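Thanks for coming. I have one structure to go through this week, so please look at it on the screen.

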Amino acid sequence: MLTLRKSTKHKSCIFGCGSFQMTAQEVSTILRYNYSGVIFLLNNWAYTIEVMIHDGPYSVLQNWDYAAMAEALKGQSALFSQTVRTEKELVAALKKSKMFKGLTFIEVILDRTDCNKALLGWGTAVADYNSGTGKAG
Ligand SMILES: Cc1ncc(C[n+]2csc(CCOP(=O)(O)OP(=O)(O)O)c2C)c(N)n1
């Protein structure tokens, strides 16, 4: 997260909700140092990489209110925090962010199984291998 260093260039980073739940407190540090840039939080409510191998209850995440959480960490620092559900909302949020001097936090709501074909294929191959029916290995 600390790649969001003070800089004249606009930096951004992208987090999955699963990895974010292990490192969320770093947003507090980023705000404390008044770093600017954009954090995109991709919220698909799950460890989707695990779901693609086997869809078990242990891959479900407690669905935090991520945008509100960033607000709670704000203190005296400048923060623009927003949840978006559509491309239109995302574009509007990015337009606002361009005018904003401070940290932008955008929570992007995704479908639980929204992933690319490569991950889908990889998950199936790993699941086959794990069950002993696959050709991998
Ligand atoms: C340092 C470390 N701790 C724990 C894990 C276990 N782990 C594997 S996937 C994952 C989270 C994935 O969830 P997310 O970031 O939401 O991405 P998604 O799979 O939904 O695309 C975690 C914590 C890891 N890979 N590395």
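I will take the ligand shell, then some backbone angles, then one helix.

First, the ground rules. This is a predicted model, where local features need pLDDT of at least 70, side-chain atom pairs count only at pLDDT 80 or more, and totals for chains, interfaces and linings use all residues. Residues are numbered from 1 along each chain as its sequence is written. Helices (H or I, at least four residues) and strands (E, at least two) are DSSP runs, numbered from the N terminus.

Now the ligand. Around it are G16, C17, G18, S19, M22, N44, A46, Y47, T48, I49 and E50. Two elements, α1 (17–23) and α3, each give two or more residues to this shell. The largest share, four residues, comes from α1. A residue is near the ligand if its C-beta atom, placed from the backbone, lies within 6 Å of it.

Next, backbone angles. Most residues other than glycine have a negative phi. N34 has a positive phi, near 55°, and sits in the loop between α2 (26–32) and β2 (37–43). W45, also not a glycine, has a positive phi of about 60°; its loop runs between β2 and α3 (48–51).

Are these two buried or exposed? N34 is partly exposed, with 13 other C-beta atoms within 10 Å, and W45 is partly exposed with 18. The cut-offs are 20 or more for buried, 12 or fewer for exposed, and partly exposed in between, with C-beta atoms placed from the backbone.

Last, α6, residues 117–131. Its 15 residues should span 21 Å at 1.5 Å a residue, and its end C-alpha atoms are 21 Å apart, which agrees. The expected span is 1.5 Å times one less than the number of residues. After α6 comes G132, with a positive phi near 85°.
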